[in-house]
Amino acid sequence: QEKSSCLSAALFGEDCEISRDQLYELLKFAALGKCHSAAQPSWCRIYRQSHLAGVVVIVLPEMSQLHFYQFYLQFRHLRKVFRHRFTLTPSANFLASLYGEGANPKPQNTAQGLTSTSSKSSDLKCDPIFQKYGGKKRGLTSYILTSEELNKYDYPIKGSTRWKGYVCTGCDKQRTDSSPLFGLDCEMCLTAKGNEVTYVSLVDARGQCLLNELVKPQSEVVNYRTSFSGITEEMLLPVKTSLSDIQTRLKKILPRDAVLVGHSLNNDLQALEMIHPSVIDTSLLFARTGNRRFKLKFLARAVLGKEIQCEEMVGHDPAEDARTALELAQFFIEQGPAKVAELNLEMLLKAENLAEVSKKKDALQPQGCRVQQQLNEPPHLSKPCFLECLQVTGQKPLLLGRQELDSSGLCQSNLSTSNKQILQKALEDVPLSTFSIIQFSLGPENISSRLLAELCEKVGSKLTDMLTIYAGPFEENFRLKSVKKKFGKCGPIQCLTVVTETYQPYVCIQYEVLEAAQLAVESLNGAEVAGSCIKVQRPVTAAMLDCDVLIKELELDVENEGVIYVAGLKQSVTEKDLQEEFGQLKDLEMLFLPKDLQSAKHRNCCFLKFQKSQSAVDALEVINGWTLKGSKLRSRHALASGHLWRWIWQMNHSNGKQRGNIFYKKMQQLPDSEQDLKKKVKKLDNHIQKLYRSLQNNTLCVVLFPGVN
């Protein structure tokens, strides 16, 4: 949630679920922005990132989505302020992953190296990048290889007898600083002729793939080099595309002033048997002393903060490599050589090599010694994280919690003994930091597997009861089909059973969405159904005594603001029909037609989101009683957001049958542990409210319920 919100994301259907990596994307871009090569998140957008005053991540480590639903009423402030909510997919070692897989072994040396290089201009001037290009920013034409450099680094050149028969791209127009950049990468196999291209990828300046195709070698393959190329004999068997086909397509795609970018691009152009006059070679752009060059994999990690050519992948992905080389060139041009030199790539590479040597040494030690060493040393992870990137920019993140979470020296880490102390410290220190991680804890006594199992059962039972209604009494010979048809117009039914324990038969109906059950209670209580005037009610249980309060709070929830539920749709109705029918409604922003996650068939209901709450109220009056394809529509305010809807669906389908519903359940006293937990959650909610109120405007605040399993 942002004060003066500028975060945009869709919250219906599957969009309400995000992964750990997607969360990391959001935090990284919010903290670093484009100026430090961070990309916009793939699943949402942050507008005006440069206006952000800071990022605050509040972590509730023992709590999960389950706790949010169980203590929904206690989280009064949290649910009123935070309108964007997402299900976070489970992941091991969550807090460590929050730091981007952690810091390198012996990180204090790395951190010192990073800090010293950014502060000492004399060291900066000794950097090969600074010596080659100077400190000022330049346009892209300054980094295009000269004809002498093309010849020196073995690039195919027009007019040379050595490259006779090579095809020119035809890009002969004068280059300017506005000329378009294209990333190119090829994979090669060894044939009787030599290196022949078997895979070509070309991406544009936005990273979009323009060409990504397998190529049939002209000669017999001697070695597929699968570990590097990823190419196998089976992959090439159906391929018909020849080298000349690729040459023709490249000539058509590339504009006359195109600049090609690649890593050791001379090898790719030789394999393509093509001549191109304007190239930026990232292996030469990020200069080193002597004839040494940085590997693309290292530059991707050190400069862009991304992992490529992962060990679990068989061979390289040429599209990924082309995109990475392009992004590196874009970063270099945008930031200028001085900023790139400040990264101190040589120091980072040394630290990485030392870590690798240390890892190999550990592998050679007896198992017992390794275990003892791991017990004695704080856990370190292998990948650099954006905390290190923040360190480069002169920022030091703040970390507050009851336990040591980061031993890398990259954070201002403060330990406190109580949530109250953590809050007090946060109120003092958060305004001074641009990136803060605040961890509140309920204590280990509240995360026992027994208590979690009890909570899960209670939340599941309560949601099931809220989805369930009882209707009756009916005559002995009533038609169940008529009842199903009538109640089915309120929304999708999960199951329907006849209750025969009573003097006259009743029907128990369990719906798939909360809105359907509530609509049935509101519209069919006292109605005549199957020849009987019936009463419609929910189960009477201790947990359901506050059902009306909960329904009201769900309806007023900021997530459901401007959202209405519409039922009674026929199976033949399509999304296009709905768009045409509801498109005339004022301020309609989005339409969501839920589908069964197994059969993919759409339900007989939909959700409409409006830009203004009043427009949603007006739409309710219009839609109620509307007829669509011969079916009368019913509507009401929405109750369940996307993540809750999915959670209910998973709960209903987890064991293939519905939970049992008992009309009258024995009233049970809540155990002391749960009563205490309610009080603690209420306090926690107040702490979050106080901290949120203290934040500067334009602060991105994220609250995490990572769970323990």
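Two strands are said to pair if DSSP finds at least two bridges between them. In this predicted model, four strands that pair in the antiparallel sense make up an open sheet, in the order β24-β25-β23-β28. Its edge strands are β24 (588-592) and β28 (634-637), each of which pairs on one side only. From one strand to the next, the twist averages 25°.

Within this sheet, strand β23 (residues 563-567) and strand β25 (residues 605-610) run antiparallel and are joined by five bridges. Tyr565 has Phe607 in β25 as its bridge partner. Helix α25 (residues 575-582) packs on the sheet and touches β23, β24 and β25. The direction of α25 makes about 155° with that of β24.

Parallel pairing can be followed at strand β11 (residues 259-262). Strand β7 (residues 181-191) pairs with β11 in the parallel sense over three bridges, and Leu181 stands opposite Val259 in β11. Strand β13 (residues 279-281) also runs parallel to β11, and three bridges join the two. Here Gly262 stands opposite Asp281 in β13.

Which residues of β11 point one way, and which the other way? Val259 and Val261 point one way, while Leu260 and Gly262 point the other way. In a regular strand, side chains alternate between the two faces of the sheet. In β11, the residues that point either way are all buried.

A helix may be examined in a similar manner. In helix α11 (residues 243-253), the buried residues are Leu243, Ile246, Gln247 and Leu250. Why are they on the same side of α11? They lie on the same side because they cover an arc of only 100° around the axis. An α-helix has 3.6 residues a turn, so residues three or four places apart point the same way. The elements that cover the buried residues of α11 include β6 (167-168), β8 (194-203), β9 (209-214), α12 (265-272) and β12 (274-275).

The nonpolar interior comes next. The largest nonpolar core has 48 residues, and of these Ile58, Leu60 and Ile438 touch the most other members. Helix α21 (residues 449-467) gives the most to this core, with seven residues. Leaving aside neighbours within four places in sequence, Ile438 is in contact with Val56, Val57, Ile58, Val59, Leu400, Ile422, Ala426, Val430 and Leu691. A second core, separate from this one, has 35 residues, among them Phe294, Ala322, Phe331 and Phe332.

Some individual residues complete the picture. Is Gln518, in helix α23 (residues 514-524), buried or exposed? Gln518 counts as buried because its relative accessibility is 10%, and the cut-off for buried is under 20%. Not counting residues up to four places away in sequence, Gln518 touches Arg538, Ile551, Arg636 and Leu639.

The same reasoning applies to two cysteines. Cys189 counts as buried because its relative accessibility is 0%, whereas Cys209, at 37%, counts as partly exposed. How many disulfides are there? The count of disulfides comes to zero, where a disulfide would require a pair of cysteine sulfur atoms within 2.5 Å.

Conventions:
Residues numbered from 1 in each chain as written. Predicted model: local features only at pLDDT ≥ 70, side-chain atom pairs only at ≥ 80, totals over all residues. Heavy atoms only, no water. Buried < 20%, exposed > 50% of the residue type's maximum accessible area, 1.4 Å probe, protein only. Contact = heavy atoms within 4.5 Å. Core = buried A, V, L, I, M, F, W, Y, C linked by side-chain atoms within 4.5 Å. Arc of directions from axis to C-beta. Axes fitted to C-alpha atoms, helices over the stretch in contact; angles between N-to-C directions.
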